[in-house]
Amino acid sequence: MPVSSEDVNKISKLAKLKFSEDEKKKLQNDMSRIIDYMDKINELDLSNVEPLENINETENVFRDDKKKETISREEALKNAPSKTDIFFKVPKVIKK
Amino acid sequence: MQKNILEKYQPVIGLELHVQVNSESKIFCSCPSEFDAEPNTYVCPVCLGHPGTLPVLNKLPVELCIKTGLAMDCKINTKTAFARKNYFYPDLPKGYQITQYESPLCSDGYTEIYSKDIPLKKIRIKRIHLEEDAGKSIHDLSESETFLDFNRCGIPLIEIVTEPDLNSPEEVSLFLHKVKQTLEYLEVSDCNMEQGSLRCDVNISVKLKNGNTTGTKTEIKNLNSFKNINDAIDSEIKRQTGIIENGGKISFNTLNYDVKEKITVPLRSKEAENDYRYFSEPDLVYLNISDAQIEELKNSLPESSEEKILRFKKEYSLNDYESEILTGDKNIAEYFERTVNNIKIKNYASFKLAGNWIINEVLAILNEKNISIRNFKISPESLAKLLNPLIEEKISRTTAKEIFSSMPAEPGKFSDIEAIILEKDLLQVSDKTEIEEIIKKVLDENPNELLLLKSGKVKIMNFLTGEIMKKLKGKANPKIVTELFNKFIKK
Amino acid sequence: MNLHEIQTGLAKGKFTLKTIVRNYLNTIEKNKDLNVFITLFNKGTIDRAEEIDSKTKTGKAGKLAGCIVSVKDVIAVKDKPLTCGSKILSNFISLYNATAIERLTEEDAIIIGKVNCDEFAMGSSNEHSYFGATKNPVDKERVPGGSSGASAVSVATDMCNISLGSETGGSVRQPASFCGVTGLKVTYGRISRYGLVAFASSFDSIGIFAKSNYDIAKVLEVIAGYDEKDSTSVLNPVDNYSELLNNKFKSGEIIFGYPKEYFTEGINEDILKGIQHKIELVKKAGFEVKEISLPHSEYVIQTYYILTSAEASSNLERYDGIRYGYRAGNEDSNLNDMYINTRSEGFGDEVKRRIMLGTYVLSAGYYDEYYKKAQKARRLIVKDFENAFKEVDYIITPTTPNTAFKIGEKIDNPLSMYLNDIFTASANLAGVPAISIPAGFDRNGLPFGIQIIGKKFNEAGLLRICDFL
């Protein structure tokens, strides 16, 4: 299988996701099948092809340096799951 | 630092500087780009990373980044793009930072440093690019939680990356001052380290002086004062040479500098390890800067400090020292030139007098009060009004100093200095008969001293002229006093 | 009734907008079992209808008065929930309007509510929603397609006359085909993406569903065009699409092509016959139809899934339980646990699978192998279309290889689900416009569509073709 269980562990850490052992096995299997399928792209000779990043290949879209009214702090905090009157809150990196 | 260590090892240092750009609005949204607002008041759905929002690039930071590159002799890369740097951190709302990766706006430049102790040296600039700042994590308001303020999030940053061409804390300091001066001259940034508008990461390794293999480097993150940078480098050199001297190996590490303990502390390797998965930012389009635009920006570059020094020497006949001091800060140079513009008698002597007055009197007050010239209460126009009568020898230096020292308290009161001089009877006494009378009086009052002087004790002359000046309340033209006094003695 | 008929009726006082809205709301209520709406705007909708009715009386109503729009729940409407069909945004209220919504409401279209979809628009069946699967009204055991499945259903069952959906690889055209309505995917950049929650930014576009091409034309006129809030929106002038519909194509004026790579094995027989029949009709109408080649067609799905998963993995990093949305865990969690639990509990399986896949193809060692290569392959696919459009003006294909499948049939086989996009994803890779027009029914009475792909910015041509297909 092209995707190893170590790959699954490493990628889930990067993506901040966790899976049960069963889920991991299924995921490894699914990802391997999909990657196998995707490997077909390696048939193509792409040595002289420029990558396409921006589909309309447009350039130089700017705005002028002008400030505009922002939302209120109340609005900014409205959707926050944990907050004080003025700050968003998160748990510390290490809990004491 | 122990001398023998420095004789044996040479530090190899590269810097990554993050400079907050002076702009009215943020780099990808229209929120105000200001430093000290109430927490979470300068935010919007875009910089908070709300679903569905998109970045739109502010033109000004692009221009300022290019100007910085031009001032540092960089190649300006006409076709560039933005990239996403992916990592999770609470003060990074989108889970990625928009930055430049494969194609920075500027690359391959240099800047020169020198001092009395360090001969002229080129420090190569690897790249200069644009990116967005993150928000602020506040760790000390609660035991268990971190508080977040996103006002800073999206403030435009210019990142300047050097090659590892610096070899001592002194060179680093010199380089930083040079960069700071350049950025201030270009009006790119105020480079206020205390407020975090200039931040520095240091890459550092040591090598044997006579060897040519460089050791493993470490990276000290987020230093925010000249002193901390200097101390952190010192302590890291000590740490690295200590390990090597004891037969150990340096491992690649990211470190924090502990200001209290004055030591560099490696972060847990888990925090350091990352895979940022850079890829091109699909929400922004390519930048394609034309040669004509670059030319235009080049022509708009303000005079550099070097150019200014040369001009000051030529135009105002100032010496090296005077020119360097007066151009060290762009605002001081401007203050000087505005003063000179208001001086009535324009000649080298009056330029020099004005320059030295600023160096000796104005800068002393700024240092004493620890303020910048922009916050100095006496305008260059007012200073010129004070210096004009001095240059014209209408008032004495002593009088001028007296007036000057009382000006900052009530700057408004001194809008018409000439009137004050007249009102307070401060005009310099140049009337010879009046002075002669005083001399005569002083000599009459001090017969013994006069005898001593005549017997050859020349030093007593200072005492006598002092007494004369006292009686003239400092208003006499000292040249005339000396001249008349000598006449008297010879009689 | 199309919009023209509604507007004439309103102007003549034959009926009021309020009654029309009431009727739609009744239909919505009667068909609750289809699970179409996530949020219904009810009261507000009727108030708006009353306002517009009085504007109509004084002749001041906007261009889209009479337009009742359902909106896929990946598009932001101010002060309304924006769930993206996900637990992680199940309690999120948008602070702003998407540009398309802003433009619609300015012209007096009424937004009737937010409709279900696959979570973050990832899926081809509408089964991957935190709010449950939406059902196909033709056969309730079948899927309506996806990801904009509920949008297609809302139009098919007359819950509204317009729906805004979104496209990344066929998410408008495929459900349009499965539900028997017309669905337009515009040129990349034609409609602002501001307020469309990103799945894969370089592919995403807002799409429009309706029963009539006139209605689509009217809506497109209003919402298309450059937006200073979206740097990838384009400056090209917006056509008067509804007026252009009056221009009928003269015989011989345009040439059609059918790509040989799209007519191979694996297509449902009835669909194949139906499309061939349509091709005959086109020929009879006096237009040339010739075989063309899109040689890199066999790499479309690979390229599409590598690039979209990569972009999605990054676009979905903002869902971290900090500034908004669901947050897992309790007081004792540390930061990392909070992140991991929030994202693991908040996202569904398909989204997690794509995040994993996308993170994988961007990670050190695989970036060049997959991501960079896919970006290059994308250019080849774009070139295929550029070459084809030198020979022909429009490309005809089936919209999908199959009609609607059973709920649950493909849910455990992601790859077979991905292959549903085989005919549609190429238009998103190339950024060209494409439309799915109802083309008939299979032997089980399930609808299918015909896809017409056009040159960039030729939405007008696609809408005109609807008239003779």
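User: How many residues of chain A are in contact with chain B, and how many of chain B with chain A?

Analyst: This is a predicted model, and contact here means C-beta atoms within 7 Å. Counted that way, the two sides come out at 30 residues of chain A and 34 residues of chain B.

User: Which element gives the most to the side of chain A that touches chain B?

Analyst: Both α3 (73-78) and β1 (88-91) of chain A supply at least two residues of that side. With four residues, the one that gives the most is β1(A).

User: And how many residues on that side of chain A are charged?

Analyst: Split the side of chain A that touches chain B by class and you get eleven nonpolar and five polar residues. The charged ones number 14.

User: Which strand of chain B does β1(A) join, and which residue stands opposite K89(A)?

Analyst: Four bridges link β1(A) to β9 (residues 145-149) of chain B, with the strands running antiparallel. Within β9(B), the residue opposite K89(A) is F147(B).

User: Which strands stand at the edges of the open sheet, and why is one side of each left without a neighbour?

Analyst: The sheet is an open one of three strands, in the order β1(A)-β9(B)-β8(B), with antiparallel pairing. Each edge strand has a single partner strand, so one side of each has no neighbour in the sheet. Those edge strands are β1 of chain A and β8 (136-138) of chain B.

User: What about β8(B) and β9(B): over how many bridges do they pair, and which residue is the bridge partner of S137(B)?

Analyst: β8(B) and β9(B) pair in the antiparallel sense, over three bridges. In β9(B), S137(B) has as its bridge partner L148(B).

User: Is N167(B) buried, exposed or partly exposed?

Analyst: N167(B) lies in the loop between β10 (156-162) and α3 (169-185) of chain B. Leaving out residues up to four places away in sequence, N167(B) touches Q10(B), P11(B), V12(B) and I13(B). Buried takes 20 or more C-beta atoms within 10 Å, and exposed takes 12 or fewer. N167(B) has 16 C-beta neighbours inside 10 Å, so the verdict is partly exposed.

User: Now the helices: how are α9(B) and α10(B) oriented to each other?

Analyst: The axes of α9 (residues 330-341) and α10 (residues 348-369) of chain B come within 10 Å and cross at roughly 140 degrees. Roughly antiparallel would need an angle over 145. The two helices, α9(B) and α10(B), are therefore oblique.

User: How many charged residues are in the contact of α9(B) with α10(B)?

Analyst: α9(B) brings Y335(B), F336(B), T339(B) and V340(B), while α10(B) brings F351(B), A354(B), G355(B) and I358(B). By class that contact has six nonpolar and two polar residues, and as for charged ones, no residues.

Conventions:
Residues are numbered from 1 along each chain as its sequence is written. Chains are lettered from A and ligands numbered from 1 in the order in which they are written. This is a predicted model: local features need pLDDT of at least 70, side-chain atom pairs count only at pLDDT 80 or more; totals for chains, interfaces and linings use all residues. Ala, Val, Leu, Ile, Met, Phe, Trp, Tyr, Cys and Pro count as nonpolar, Asp, Glu, Lys and Arg as charged, and the others, Gly among them, as polar. Two strands pair if DSSP finds at least two bridges between them. Axes are lines fitted to C-alpha atoms, for helices over the stretch in contact, and angles run from 0 to 180 degrees between N-to-C directions. Angles under 35 degrees count as roughly parallel, over 145 as roughly antiparallel, 65 to 115 as roughly perpendicular and the rest as oblique.
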